[in-house]
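Biologist: Could you walk me through this model and show me how each label was earned? I'd like the cut-offs along with the values.

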Amino acid sequence: MRKTFLSSAILLLSLSLVIVLSGCSSQGDAAASETKLKIKIADINTNPTFRVALEQGYFAKHGIDAELVDFGTPAEGVNSLFIKQVDVAFGADFPLLNAVAKGEYSIIASAGLATDESASEWKLFVRDDIQNPEDLKGKKLSFMRGTFLPYLWDEYLKEHHVSLDDVELIGQGAFDEAYIALKQGDLDAAWFVGSALIDKFVGLEGVHELTDMSQTTVRLGSGIVTSDEFLKNNPEGIENFLAAVDEAAVYAASHAEEVADLMYKEVKQPKEATLKDLPKNIWEVGFTQAAYDSLANQKKYMVDTGLIENDFDLNSKLNLEPLKIALPEKVTYQK
């Protein structure tokens, strides 16, 4: 009888321990789950950085439950902040400044500056009757709505003594739309970027490359923006987000083949296109004096031309504190 009682007692104790440990495990899992911050991130199909951060586990490592929301252009992604479709977006200086000029939004990091090499990736394709810039007079020129392309057109045309008043700018929502319109003859000229898209022009009848952006004076930076509300509610989460993106950018720069495989798996982008684009479009998360100067110069143009109706203090729209905590060595700009 005693032996039976002892065996029963041991069994009950074992079951109790299992239940307690299971409860602790469940509570631990729940606590871990609760610490993850859900962030909806605006993305485009040709940008590998966020996909690498997701695939390689950098977001998870830093407690970020990331959801990528794809758009036709970065500018569309930035605009989606206004309706809270996403929490964080990236883009060139132009859409970032457009966002912070509209209200309670902050630039939280630079993603890099356009070098001559990266600028050369922007190609100007025109119909065959256009053989020099002066031939653009009276023509229909494409631009992606909300992007810096009107600025690029303005600067390029001025260099060749052509005015914006001499042409017709046609706003479009995506590069594929512009490609079809140019191919069909509904447009006369358009700027394009990305090897996968540009390769479509090889052998295309009636269209040729006239120049690229490296032959102009235009060089732009890019950056990351979020709402002041999201930043205020999640300062540590933004720190972790920036740290994860930085790790992904470093990884992508040194693992081109893996990134090319990932982009083909995710969005069916040809591996050759990714391998061509990646070395020329490396993300550098941080903030420098050069990044500030790029924003300041672009803001001046936007204010002078009325694209921004009410001028504002650029420094008041820079919130770099999370970046300074996450990546202190990469913030060299001082307000």
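Modeller: What follows goes label by label, each value next to its cut-off. This is a predicted model, where local features need pLDDT of at least 70, side-chain atom pairs count only at pLDDT 80 or more, and totals for chains, interfaces and linings use all residues. Residues are numbered from 1 along each chain as its sequence is written, and side-chain values use heavy atoms, with hydrogens and water left out.

Biologist: Fine. How many helices and strands does the protein chain have, and what makes a stretch count as one?

Modeller: There are 15 helices and ten strands. Both are DSSP runs numbered from the N terminus: H or I over at least four residues for a helix, E over at least two for a strand.

Biologist: Why is tryptophan 153 called buried or exposed?

Modeller: Buried means under 20% relative accessible area, exposed over 50%, and partly exposed in between, with a 1.4 Å probe and protein chains only. Tryptophan 153 has 0%, so it is buried. Its place is helix α7. Across the protein chain, buried residues make up 50% of the 335 residues.

Biologist: What does tryptophan 153 touch?

Modeller: Contact means heavy atoms within 4.5 Å. Leaving out residues up to four places away in sequence, the partners of tryptophan 153 include Leu124, Leu141, Phe143, Leu169 and Trp191. Its C-alpha atom is also 10.0 Å from that of threonine 216, 63 residues apart along the chain.

Biologist: And what makes α7 mostly covered?

Modeller: Nine of its eleven residues are buried; among them are Leu149, Pro150, Tyr151 and Leu157. The buried residues of α7 pack against β5, β6, β7, β8, β9 and α14.

Biologist: Glutamate 155 is in that helix too. How do you know whether it counts as buried or exposed?

Modeller: Its relative accessibility is 16%, so glutamate 155 counts as buried. It touches Thr217, Val218 and Tyr301, not counting residues up to four places away in sequence.

Biologist: What makes its pairing with lysine 158 a polar contact?

Modeller: The two side chains make that contact at 3.2 Å. The term covers a pair of N or O atoms within 3.5 Å; within protein, one must be able to donate a hydrogen and the other to accept it, and residues adjacent in sequence count only if both atoms are side-chain atoms.

Biologist: Why single out the phi of histidine 161?

Modeller: Most residues other than glycine have a negative phi. Histidine 161 is not a glycine, yet its phi is positive, about 60°. It sits in the loop between α7 and β7, and at 71% relative accessibility it counts as exposed. Lysine 84 also has a positive phi, near 60°; it lies in the loop between α4 and β3 and, at 61%, counts as exposed.

Biologist: Last one: how do you know how α5 and α14 are oriented?

Modeller: Their axes come within 10 Å and cross at roughly 70°. That makes α5 roughly perpendicular to α14, because 65 to 115 degrees counts as roughly perpendicular, under 35 as roughly parallel, over 145 as roughly antiparallel and the rest as oblique. Axes are lines fitted to C-alpha atoms, for helices over the stretch in contact, with angles from 0 to 180 degrees between N-to-C directions. On the α5 side the contact is made by Asp93, Phe94, Leu97 and Asn98.
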